[in-house]
Amino acid sequence: MSIEIRIENIADYVGQQVTIKGWMYAITRKGKLIFVRLRDGSGMTQGVAYRPEIGDELFEEIKRLGQESSVIMTGTVRENGRAPGLPKGYEVGIESVQVIQNVQNFPITPKEHGVEFLMDNRHLWLRSSQQWAILRVRATIKKAMIDFFDDNGYINIDTPIITPSAAEGTSNLFEVGYFDEQGYLAQTGQLYSEATIMAFGKVYCFGPTFRAEKSKTRRHLTEFWMMEPEMAYCDLDELMQIEENFVNYILKTVIEKRRPELELLGRDISILENAVGTYPRISYDEALAMLADIQEKTDDPARKKELDIEWGDDFGSPHETELTKQFDKPVFVYGYPSQVKAFYMEPWPDRPEVCKSVDLLAPEGYGEIIGGSERMSDPEALLAAIHKHELPEEAYKWYIDLRLFGSVPHSGFGIGLERAVTWICGIDHIRQTTAFPRTINRMYP
RNA sequence: UCCUCAGUAGCUCAAUGGCAGAGCAUGCGGCUGUUAACCGCAGGGUUGUUGGUUCGAGUCCGACCUGAGGAGCCA
């Protein structure tokens with residue numbers, strides 16, 4: 001009697017007859033011998049059919065199968081060092097095959113394809129081993145993010161997706177009709193979390209966020225998931241410690257649970273192992289000095305020009321890239337000029353032109369993955385900041401209230417799930433880190 | 001919005017201004033250890049659209065469309 005199994009557990013069934021329900025990923029026909037690579041969602045393994053053993057009728061039926069045919073395969077599991085798969089080293093000696101649907105002309109072949117073609121066929125591309133591996137890593141990172149906060153006394157409080165105004169004032173938001181009013185899709189839940197910490201102490205919100213900016217780069221999506229923890233009675237130093245513990249936990253969890261997927265992606269895991277630990281903390285001023293030094297030593301004139309920056313400017317991509325190349329771990333840069341950051345950040349004591357903000361920059365040129373800050377806690381200063389940024393005061397009445405009724409020092413940060421996945425998987429484009437990416441010129445499929 | 005590059009068979013790409021090609025995929029045949037197998041045969045084309053230059057345009061010029069990468073903005 002055969003046992004129905006999932007391929008990820010195949011090692012437990014050597015010598016036993018098993019049944020696997022899946023899809024045919026690839027087939028190699030060699031005369032009287034056929035290799036069928038079958039995937040079932042949990043992994044991939046190889047079925048072997050030898051004509052004299054299984055008979056002409058079954059052999060011919062298998063031989064005619066096209067890529068991505070859905071089949072139920074039964075046979076005996078055996079170890080074989082030559083067998084590819086995930087896990088590799090195991091294969092199934094085919095005894096019977098039930099064809100659910102024989103497919104011909106599956107568009108995505110095991111050869112090279114262009115980006116546009118693959119994105120048009122994203123619904124089918126997801127079956128490819130690399131895309132499968134990336135999304136499994138994503139699921140693990142997402143769960144690790146949630147577990148970290150759930151296990152450390154945080155309460156998950158969801159924030160609204162439809163909001164009445166721009167939370168941070170500047171970015172372009174997607175407009176949504178809200179009966180006879182104008183609503184917007186949320187770009188952050190942070191301001192609402194600042195309200196909920198005053199009720200629950202430590203909270204996080206984790207959901208989709210939306211940016212209508214016309215960014216057209218390998219780092220941008222218009223819809224992405226953001227984990228945003230917020231903590232009462234927490235200052236900038238404590239914030240950085242929490243971020244460090246958090247990133248360490250995610251890295252350790254992924255390295256432990258998704259090693260085969262990372263290997264399949266060709267990720268150098270030693271780089272990730274090395275990124276676990278204590279992260280350097282440098283100030284914006286120190287970062288600026290480092291950049292000046294790097295610029296000094298650069299020979300390429302175009303590169304030299306790209307690195308031009310003056311105090312008060314935000315870092316561009318070239319600056320972040322060069323800066324992170326100086327470290328083999330993520331690096332904190334804190335104390336940015338207030339003028340390049342959002343209105344709600346706490347000013348530095350005795351240095352009002354600087355704010356208590358911190359970005360965590362990932363190594364290998366991946367750049368900013370976390371942005372956070374200590375929030376302004378004084379009502380007068382907050383009101384002044386709202387006026388300075390020309391934001392509508394009445395829309396922020398509730399937000400100012402938080403500083404009038406038991407205001408405390410508090411901090412929080414946001415991490416983009418897809419950017420974290422891009423870095424940890426070591427891939428070159430964010431669009432592969434979500435099943436159906438939304439970018440500036442793509443809503444299909 | 002700006003800069004750069006690209007668009008030719010289902011897919012990936014060739015083609016000095018002079019006959020529209022290859023590999024993969026598909027179909028048929030061969031092969032007992034494949035890993036993007038290999039060997040043979042076959043079918044497969046409105047060269048993104050449009051206007052122009054030319055005896056002749058996939059190729060040169062203009063406009064437009066679509067996509068990619070980057071800048072800015074951001075996670």
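These exercises cover the RNA surface and the cavities of one predicted model.

Residues count from 1 along each chain as written, and chains are lettered from A and ligands numbered from 1 in the order written. Local features need pLDDT of at least 70, side-chain atom pairs count only at pLDDT 80 or more, totals for chains, interfaces and linings use all residues, and side-chain values use heavy atoms, without hydrogens and water.

**Exercise 1. Describe the protein surface near RNA strand B.**

Step 1. Set the rule. A residue is near a strand if one of its heavy atoms lies within 4 Å of it.

Step 2. Take the residues. There are 49 around RNA strand B. Thr28, Tyr50, His113, Arg218 and Arg419 come nearest.

Step 3. Sort them by class. Nonpolar means Ala, Val, Leu, Ile, Met, Phe, Trp, Tyr, Cys and Pro; charged means Asp, Glu, Lys and Arg; the others, Gly among them, are polar. The split is 13 nonpolar, 16 polar and 20 charged.

Step 4. Turn to the RNA side. Of the strand B atoms within 4 Å of the protein, 49% belong to sugar or phosphate, and the rest to bases.

**Exercise 2. Find polar contacts to RNA strand B.**

Step 1. Set the rule. A polar contact is a pair of N or O atoms within 3.5 Å; within protein, one must be able to donate a hydrogen and the other to accept it, and residues adjacent in sequence count only if both atoms are side-chain atoms.

Step 2. Look at the bases. A backbone N or O atom of Arg29 is 3.4 Å from a base nitrogen of strand B. The side chain of Lys216 has an N or O atom 3.3 Å from a base nitrogen.

Step 3. Look at the phosphates. A side-chain N or O atom of Glu368 lies 3.4 Å from a phosphate oxygen of strand B.

**Exercise 3. Count the cavities and name their linings.**

Step 1. Set the rule. On a 1 Å grid over the protein atoms alone, a cavity is a set of points where a 1.4 Å probe fits but cannot get out; lining residues have an atom within 4 Å of a point. Points join across faces, edges and corners, and volume is the space filled by probe spheres set on them.

Step 2. Count. There are 2 cavities of 30 Å³ or more.

Step 3. Take the largest, at about 40 Å³. Val247, Ile250, Ile369, Ile415, Ala420, Trp423 and Ile424 line it. The lining has 7 nonpolar residues, no polar and no charged.

Step 4. Take the second largest, at about 30 Å³. Its lining residues are Val36, Ile62, Leu65, Val71, Met73, Ile94 and Val97.

Notes. On a 1 Å grid over the protein atoms alone, a cavity is a set of points where a 1.4 Å probe fits but cannot get out, and a pocket is an open set with protein on both sides within 12 Å along at least five of seven lines; lining residues have an atom within 4 Å of a point.
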